[in-house]
Amino acid sequence: MTVLPSTRIYEGTRIPHPVPTILEVDPTEHRLEDILRINFGPNHPSTHGVLRLIVDLDGETVAGIRAVIGYLHTGFEKNMESKSWWKSITYAPRVDYVAFHANELLYVLAIEKLLGIEVPRRATWARMAMAELNRIHSHLVWLGTSALEIGAISLFWYAFDDRDEILDLFEMAGGTRMHTRYVQVGGLAEDLPPNFTKEARKFCESMPKSVDQYEALLDRNAIWLERTKGIGLLSADDALALAQSGPMLRSSGVNWDLRKNMPYLAYDEVEFDVPVYPNGDVYDRYKVHMDEMRESVRIVRQCLDRLDEMDGEPWIADDRKVVLPPRHELHTSMESLIHHFKIVTEGFTVPEGEVYVAIESPRGEAGCYLVSDGSARPWRVRFRAPSFAALQATATVVQGLLIADLVAVAGSLDPVMGDADR
Amino acid sequence: MQVEWYVSLIQALVVINLVMVTFAYLTLAERKIMGRMQLRYGPNRAGPYGLLQPIADLLKLLNKESFQPTAAIDWLYVLGPFLAAFTALTTFSVIPFGPGWEIGGVYVPGQVADIDIALILIFAIGSIGIYGFIIGGWSSDSKYALLGSMRTCAQLVSYEVSLALSVLGVVIMAKSLSLTAIVEAQSDTVWYAGPQFVGLVVFSLAGTAETARAPFDLPEAEQELVAGYHTEYGGMRFGLYSMSEYINLITLSGLSVTLFLGGWHGPGWEGATWAGPLWFIAKLLILLFLFIWMRTTLPRLRYDQLMRFGWKILLPVAILNAIVTAIVVVAV
């Protein structure tokens with residue numbers, strides 16, 4: 001882990017002191033009878049879903065805050081335990097519905113690690129292209145909603161217009177726009193359609209221009225700079241102590257990206273930079289997101305080149321105990337029919353054991369912890385949610401801010417409540 | 001020239017209805033223009049090109065139940081929106097839109113009421129209008145509404161000062177507080193947008209804040225305060241608040257046209273008095289378009305930034321502008 005020279009970090013011990021996740025009203029600074037306690041959410045225009053913040057206001061200043069989560073708890077993890085391995089894949093993208101592909105990929109990677117199955121390279125590169133497209137998608141949603149919260153309403157539509165093109169690509173490959181369930185244990189559910197790379201290249205042409213336009217609209221706007229610079233500060237120390245990851249961590253000056261530091265898929269074979277900014281304010285978080293979109297386009301381009309080279313190669317492993325046999329074999333081969341029947345009815349079994357897999361989702365480190373008892377169903381599924389970690393920082397980043405900043409800062413944490421509550 | 005009482009009455013009716021129609025279609029225009037700027041269509045279902053949308057909106061608001069929070073203070077809660085709408089509608093009566101005509105031997109003036117101190121009257125009525133927002137937010141017994149009305153109160157009071165001072169230059173140059181006289185003075189010399197450019201900038205900025213438009217739309221910052229002072233209002237009471245805001249915007253645009261952009265005068269049309277209202281409306285529409293454009297583009301200021309901007313930048317500039325104008329006028 002490298003840290004920018006301008007940021008401070010613990011020396012000697014790596015164990016940080018606990019950082020409070022609740023901000024209590026300080027009676028020496030505020031007169032308690034002046035405090036107005038308001039309920040910010042769970043139904044509020046700018047809480048990114050159903051986040052509830054109990055805010056103690058002294059005039060317009062935020063004197064105390066406590067975040068209440070759990071309003072979107074859906075019990076996905078428990079539900080997955082009652083479904084067979086291959087059926088529970090559909091739950092994974094719904095956990096973090098903005099970074100749907102990342103979660104799907106994460107869960108399948110964890111199963112594959114338990115199975116020890118070899119994935120064909122075409123599938124790996126396709127997954128990577130999709131993962132980066134999904135990262136752009138997630139960042140666009142973030143950009144649109146965050147800018148909306150600071151009052152730049154138009155950006156929401158511009159961002160969602162580009163987002164739509166990404167969803168078109170997902171639709172082309174997987175048939176649905178979100179929650180595609182395109183990733184299958186052992187590879188992909190289907191081969192990429194023939195003109196996918198062509199369409200994706202078109203998107204890669206237009207996307208960097210769009211990012212430039214967003215930056216032109218925001219970076220040259222004095223109000224935007226006033227509203228974001230120096231707001232919602234999170235030091236590298238606190239970021240690490242609060243288990244931050246992803247853009248939150250990188251905007252606080254810590255260079256930590258699982259794609260570089262613990263490469264999975266084929267991230268060690270592609271060229272890209274990890275944007276790191278030192279200040280840890282809302283503006284730096286915004287810059288990290290913008291730069292990451294550009295880097296993601298770079299990665300997608302490299303993936304598309306490789307995918308064109310690999311055209312015609314298998315997209316799914318040839319392990320008949322796990323992977324469905326090709327449809328045409330069912331009419332001629334008895335073994336194929338039996339395998340098909342077994343997988344569809346009982347599901348494949350996964351060897352006993354436990355595994356933790358972590359990937360760099362758009363929001364940071366998304367982890368999946370799996371325990372298998374050797375049956376056709378997971379014994380325990382648990383997701384490490386980056387949104388949950390990000391929300392832990394709420395009290396730290398809003399200290400002494402105004403209520404308008406609270407909205408901007410809470411947005412910059414990029415929480416997806418489905419991810420935080422699961 | 002003596003104005004017959006029935007002329008004023010008819011004129012008042014016509015003007016008030018024209019303002020209302022402008023308001024109704026301003027909401028549609030805003031939604032359409034914003035839609036186009038944001039890569040979407042805007043309302044296009046009700047009638048051709050969505051032209052019946054404002055009427056549908058109005059019917060919807062009228063049909064809604066007028067509920068109120070149990071803890072709300074009854075008469076203040078009802079008074080709030082009425083006061084706001086009443087003052088907003090009153091102000092437009094002094095804004096001139098033509099030179100005055102002789103129709104069938106009856107003199108029809110260019111505005112409903114030609115008052116010598118029209119400018120002061122506008123600010124006075126505007127200040128009363130603020131009460132509508134304050135008592136509405138305060139009496140509805142909601143924390144968000146309270147915060148919203150606090151913001152509104154602070155913002156409007158602060159920017160009222162800059163707004164009033166920014167027109168001082170115009171008053172000094174025209175040597176009159178009567179809006180008709182100011183327009184006439186501009187037609188004799190130049191439009192005050194030139195010599196009073198600083199005044200115009202301050203006036204537009206303070207005016208934007210005064211009408212709570214983006215980027216100064218803090219009083220009803222949806223993302224922060226849900227809906228600000230009218231959070232607890234629904235139905236036509238909310239409609240009245242909404243109406244008063246838009247009419248304030250129209251009045252303010254009309255005022256800037258009058259003070260800085262030559263009022264009903266247009267280049268090359270000096271003789272044609274019938275074209276006066278057309279010029280006035282054209283200029284008004286351009287200004288309204290600019291307001292809508294600003295709303296789609298700019299993010300919102302923060303409360304303390306807003307206050308700092310008002311007191312530390314706009315106010316000194318407005319005072320300086322007035323002093324410099326006074327010196328120049330006296331010296332020349």
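**Figure 1. Helix 3 of chain A packs across two strands in this predicted model.** Helix 3 covers residues 100-115 of chain A. It lies across strand 8 and strand 9 of chain A. Relative to strand 8 of chain A, helix 3 runs at about 150°.

**Figure 2. Strands 8, 9 and 10 of chain A form an open, antiparallel sheet.** The strand order is 8-9-10. Strand 8 (353-361) and strand 10 (378-384) of chain A are the edge strands, and each pairs on one side only. From one strand to the next, the twist averages 15°. Strand 8 and strand 9 (residues 364-372) of chain A are joined by nine bridges. One bridge to pick out involves A:Val357, whose partner in strand 9 of chain A is A:Cys368.

**Figure 3. Helix 15 of chain A is buried along its whole length.** Ten of its ten residues are buried, so the helix is largely enclosed by the rest of the structure. Among them are A:Ile403, A:Leu406, A:Val407 and A:Val409. A:Asp405 and A:Ser412 are buried as well. After helix 15 of chain A comes A:Asp414, which has a positive phi, near 55°.

**Figure 4. Chain A meets chain B through residues from several elements.** The contact takes 26 residues from chain A and 23 residues from chain B. On the chain A side, five elements each supply at least two residues: strand 2 (35-40), helix 4 (121-150), helix 5 (154-174), helix 7 (222-228) and helix 15 (403-412). This side of chain A has 15 nonpolar, five polar and six charged residues.

**Figure 5. Chain B combines twelve helices with two strands.** From the N terminus, the elements run α-α-α-β-β-α-α-α-α-α-α-α-α-α. The C-alpha atoms fill a box of roughly 60 × 50 × 45 Å along the principal axes. The radius of gyration of chain B is 20 Å, which agrees with the value near 20 Å for a compact globule of 332 residues. Buried residues account for 48% of the 332 residues. Of the contacts in chain B between residues at least 6 apart in sequence, 78% join residues at least 24 apart.

**Figure 6. B:Trp279 sits in helix 11 of chain B.** This helix covers residues 276-297. B:Trp279 has 21 other C-beta atoms within 10 Å. The cut-off for burial is 20 or more, so B:Trp279 counts as buried. B:Tyr144 is 135 residues from B:Trp279 along the chain, and their C-alpha atoms are separated by 42 Å.

Definitions and conventions: Residues are numbered from 1 along each chain as its sequence is written. Chains are lettered from A and ligands numbered from 1 in the order in which they are written. This is a predicted model: local features need pLDDT of at least 70, side-chain atom pairs count only at pLDDT 80 or more; totals for chains, interfaces and linings use all residues. Two residues are in contact if their C-beta atoms, placed from the backbone, lie within 7 Å. Helices (H or I, at least four residues) and strands (E, at least two) are DSSP runs, numbered from the N terminus. Ala, Val, Leu, Ile, Met, Phe, Trp, Tyr, Cys and Pro count as nonpolar, Asp, Glu, Lys and Arg as charged, and the others, Gly among them, as polar. The radius of gyration is taken over C-alpha atoms; the globule rule is 2.2 Å times the number of residues to the power 0.38. A residue is buried if 20 or more other C-beta atoms lie within 10 Å of its own, exposed if 12 or fewer, and partly exposed in between; C-beta atoms are placed from the backbone. Two strands pair if DSSP finds at least two bridges between them. Axes are lines fitted to C-alpha atoms, for helices over the stretch in contact, and angles run from 0 to 180 degrees between N-to-C directions.
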